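Biologist: Please take a close look at the largest pocket of this model and describe its lining. Add a buried residue as a second point of reference.

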Amino acid sequence: MRDKRKTEECKGSPAGNQERSEKNKIEIRHVTKTFGEYRALDDVSLSFGSGKIHGIVGRNGSGKTVLFKCICGFLKMERGEILVDGKSVGKDIESPPDAGVIIEMPGFLPNYNAFQNLSFLAGIKNVIGKEEIRRVIRLVGLDPSGKKHVGKYSMGMRQRLGLAQAIMENPSLLILDEPMNGLDNQGVEDIRNILLKLRGLGKTILLASHNREDIEILCDTVTEMDRGRVL
């Protein structure tokens with residue numbers, strides 16, 4: 001992992017941003033994950049500090065998405081341990097309870113609009129109401145009153161809605177796998193600004209991106225992976 005010092009903080013971030021806790025949000029200890037004879041993760045050990053944006057880079061098949069799925073509890077590891085806030089994923093907790101996630105293409109009900117889709121999801125935990133849902137839809141640049149069904153959304157609009165879903169319940173941890181896919185230049189700038197503001201609020205963000213500019217602009221640390229290993 002490579003640490004980077006930010007030369008410029010996010011405009012609008014609260015004072016005291018430099019005093020973000022150095023406590024590790026995530027500890028990954030000697031994790032191995034295989035699919036048959038293919039070793040997707042090979043003895044991976046990493047730590048991610050709280051209140052920072054951590055970039056994960058690597059070509060397709062390097063292990064980024066598999067690592068994210070293991071952190072989320074979506075995949076079981078053959079060996080090793082992942083701790084989130086000191087709790088072991090798969091043992092103490094099935095998945096991190098305070099995490100917002102985008103992995104691969106966000107899935108929504110195609111015959112419902114944005115507000116309806118997020119309302120269905122919000123109903124699982126019942127921690128936010130209609131106004132919070134409308135606010136987060138506006139935040140990502142969509143219309144909370146729009147009647148257009150998500151099945152007719154462009155890829156970029158679906159990515160915006162995916163981010164809204166990930167952040168709507170104000171989680172302390174965001175795990176984002178290629179969140180800029182399908183966005184135009186304005187969309188990329190909008191999402192970057194949102195992520196920087198969230199970091200300023202103390203959120204911990206794991207970000208996988210093929211775009212080096214995203215990594216350079218956003219990330220405090222960078223980890224490069226190849227063939228399931230940390231370089």
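Modeller: Helices (H or I, at least four residues) and strands (E, at least two) are DSSP runs, numbered from the N terminus. The model is predicted: local features need pLDDT of at least 70 and side-chain atom pairs pLDDT 80 or more, while totals for chains, interfaces and linings use all residues. Residues are numbered from 1 along each chain as its sequence is written, and side-chain values use heavy atoms, without hydrogens or water.

The largest pocket (an open set of points on a 1 Å grid over the protein atoms alone, where a 1.4 Å probe fits, with protein on both sides within 12 Å along at least five of seven lines) holds about 630 Å³ of space, a volume filled by probe spheres set on the points. Its lining (residues with an atom within 4 Å of a point) numbers 24 residues, with A99, G100, V101, Q165 and E169 nearest the centre. Strand 7 (99–102), helix 2 (114–125) and helix 4 (155–167) each supply at least two lining residues; strand 7 gives the largest share, four. By class, 16 of the lining residues are nonpolar, four polar and four charged, with Gly counted as polar.

As for the buried residue, D42 lies in strand 3 (residues 38–49). D42 counts as buried (under 20% relative accessible area, 1.4 Å probe, protein chains only) because its relative accessibility is 15%. Its side chain makes polar contacts (N or O atoms within 3.5 Å, one able to donate a hydrogen and the other to accept it) with the side chains of R39, at 3.3 Å, and R229, at 2.7 Å. Beyond four places in sequence, D42 is in contact (heavy atoms within 4.5 Å) with V31, T32, G228 and R229.

Terms used
Buried < 20%, exposed > 50% of the residue type's maximum accessible area, 1.4 Å probe, protein only.
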